Amino acid sequence: MSISEPIKQFSKWIQSFNYQILQNIDDVKDKFILPMFQYLGYPDVLVKNNANSEINTIYFQPDIVEPNNTDTALVIINIYNPHVRNLSPAIVASRLGSFSLKTLFFIITNGYEIKVFQYWRYRPAYCLFDITINDLRHQELSAELYQALNFHHVSLMNKNLDNFFTFQHHNLLEKHLRRYTYWQDLLSKTDFQPEVTKKANQLLVVKPKIAIKCNLPQLSSPGDCEIEFSNILFRGIKISLNHRQILSKLMIGLNTQPHWQCRPFLRQVDNNIFEAVLGETTIILSELEAIDLCLCIDEICREYKKLLIDFENVLETWEFEFVEFAGIRGFKICDVDPKLWELMYKFAHEFTYYKGKSEWHLFYHDNFSLRLSQGIRDRALITPKASGYCSLLPYPKISIIYNINEIHLQSLGKAAENAWQKNLGAQGTWTAKYTQQWLLEKYIPQVINYYSQQAHFSVNEIVTAIKTAQPKRIEILGIDDIKNFLPYLRDIQSWFNLYKENLAAVRLRLYYRTFTNLVRNTDSSINGMDYLIANLQKIDWQNSPGIADSKISLYRKFSSFKNVINCLDEQVTRINNQEYEKSINADLMTRIFIWIMENGKISYSQPQMNAAKQALLTLWEECRFEMRYVFF
């Protein structure tokens with residue numbers, strides 16, 4: 001095999017180098033280390049002198065602007081005086097122990113002896129080379145050192161990977177061992193026994209390579225999970241993820257294959273090798289391990305997602321903004337003027353449940369909150385929020401929060417599985433929607449009437465003092481005007497715009513097809529053809545038949561609205577033959593649908609409208625969940 005020119009030059013320099021010219025640390029640095037790493041291709045060398053005059057430390061940085069420290073260095077070199085002969089194990093151990101290293105390679109040298117240590121994130125340092133300058137004069141050894149330490153190779157390494165350097169060797173070894181019956185039986189015993197077990201709020205999902213134990217979320221408390229591996233290389237490693245990490249990383253890309261690049265925590269780094277970033281841990285997995293990890297996550301996240309959706313459906317909270325502040329989790333149901341809130345709070349003080357038996361004696365004080373209660377049964381807990389702090393004045397408005405609290409939802413949490421909903425209602429625990437209606441239709445009018453002689457409110461002031469959420473949209477299945485799709489499509493477009501990963505094609509096929517059919521019969525005089533053309537040109541056309549590459553031919557193709565529809569049809573055909581779709585394409589397709597509906601005169605049939613509503617409902621429910629929990 002021929003030797004490359006850079007290796008020949010490096011070997012030639014090593015063979016001509018005379019270490020006897022080195023008289024001190026500066027000589028080792030200037031006449032040996034710096035020239036050697038120039039031959040290794042390092043373009044940027046930053047030097048930092050250690051306080052110990054007997055030792056000099058050099059950091060070889062990545063080819064980017066970063067601080068000069070052990071956290072960012074690719075290679076760290078400790079230089080000793082050339083008169084220090086025989087770098088003993090004690091010296092090496094002391095230097096290794098003096099750094100909390102996050103580098104890739106650590107080198108100790110006096111200009112004659114060279115010790116190169118390779119670092120992995122979770123494993124002890126490995127001595128890659130322990131040689132002298134005379135050993136290095138052999139061309140095979142100098143070529144090996146060059147291949148291991150040259151800048152191009154080192155700069156491409158991921159410092160966060162766990163044992164990537166030896167993973168392929170272990171993987172190959174495991175394949176060979178499985179050819180023999182004895183070793184195959186032995187290795188198979190290391191796999192987990194598959195099972196799915198649910199006890200109370202704990203779900204255990206086990207596949208041969210992966211096991212995940214999850215504490216599912218409750219009404220008033222978030223969940224978490226712990227991941228284990230059967231692989232002997234990772235035995236004993238337990239990775240814990242909190243509620244936020246589960247939602248923001250694991251919940252995206254469910255029911256997709258590892259190589260589709262739909263999951264933000266998973267990346268293919270080589271054939272049958274994947275990098276998984278789980279919380280603060282980055283680990284390398286085989287294809288089988290990646291598949292089992294995805295299957296476990298799918299099972300966990302389906303149940304996790306179902307519980308969150310059930311909570312919101314039953315408590316009727318979807319239409320309200322979720323807020324979290326000062327340890328309080330809840331939903332904003334309306335805004336009121338501070339003067340009105342002051343009266344509401346005062347009224348609650350006068351009508352605590354133990355002071356009388358009227359229908360208004362149902363309050364219990366809980367710091368700044370109002371706890372609606374009659375004896376042992378809690379109805380609701382509402383909390384004021386003013387500029388992020390529970391205070392009354394002088395803020396311009398007070399947000400009233402429907403509080404998800406352990407105490408007032410205690411009876412729900414203790415109920416049998418799938419039976420706690422029975423306690424919801426006017427005589428039990430109130431939902432967010434019912435609480436809002438009670439506040440606006442009963443409680444606030446009662447407070448105003450009660451204090452009408454003391455407080456000088458005009459009718460207009462009362463009306464403007466109450467600010468509810470945004471006007472309600474027409475429900476998707478109740479839409480009969482095509483323009484009523486627009487608020488939902490804008491939500492979906494914003495959702496696609498946040499995605500960095502690919503999307504499973506199965507989620508989009510029906511959406512592409514039904515909305516293309518819905519806008520098919522649009523008057524050709526529609527305004528904004530330039531806008532439509534610009535968005536169509538951005539879409540990835542590489543799999544579409546009959547599309548020319550040049551912008552001129554693309555422009556001619558899109559020059560009429562009929563051709564725009566033809567191009568949309570081609571997208572429908574393309575996605576039917578693909579497993580996944582780029583999120584930018586979904587974003588651009590939605591922008592096109594929005595523009596046509598806003599600016600075009602569209603003729604459509606009732607079947608086309610009904611098909612579009614069904615497709616939109618499924619997609620928008622996914623959008624609503626992820627915008628609430630994943631991208632919150």
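How many residues lie between E7 and E8 in the hairpin that they form, and which residue in the turn has a positive phi? Before I answer, please keep in mind that what we are looking at is a predicted model. There are 2 residues between the two strands, and in the turn it is alanine 200 that has a positive phi, of about 55°.

Let me stay with this hairpin for a moment. Strand E7, residues 195-199, pairs with strand E8, residues 202-206, in the antiparallel sense, and the pairing extends over 5 bridges. Within it, lysine 198 has leucine 203 in E8 as its bridge partner, while glutamate 195 stands opposite valine 206 of E8.

The hairpin belongs to an open sheet of 5 strands, which has the order E7-E8-E9-E10-E11 and antiparallel pairing. At the edges are E7 and strand E11, residues 238-242, each of which pairs on one side only. On average, and ignoring direction, neighbouring strands of this sheet are turned by 10° against each other.

Two helices meet these strands. Helix H8, residues 243-250, lies across strand E10 (224-229) and E11, and runs at about 90° to E11. Helix H9, residues 287-315, packs on the sheet, where it touches E7, E8, strand E9 (210-215) and E10, and its direction makes about 20° with that of E9.

Finally, I turn to a pair of helices. The axes of helix H10, residues 338-350, and helix H12, residues 432-450, come within 10 Å and cross at roughly 85°, which makes H10 roughly perpendicular to H12. Residues making the contact include Leu343 and Phe347 of H10, and Tyr443 and Val447 of H12; the residues of this contact divide into 11 nonpolar, 1 polar and 1 charged.

Conventions
Residues are numbered from 1 along each chain as its sequence is written. This is a predicted model: local features need pLDDT of at least 70, side-chain atom pairs count only at pLDDT 80 or more; totals for chains, interfaces and linings use all residues. Side-chain values use heavy atoms; hydrogens and water are left out. Two strands pair if DSSP finds at least two bridges between them. Helices (H or I, at least four residues) and strands (E, at least two) are DSSP runs, numbered from the N terminus. Axes are lines fitted to C-alpha atoms, for helices over the stretch in contact, and angles run from 0 to 180 degrees between N-to-C directions. Angles under 35 degrees count as roughly parallel, over 145 as roughly antiparallel, 65 to 115 as roughly perpendicular and the rest as oblique. Contact means heavy atoms within 4.5 Å. Ala, Val, Leu, Ile, Met, Phe, Trp, Tyr, Cys and Pro count as nonpolar, Asp, Glu, Lys and Arg as charged, and the others, Gly among them, as polar.
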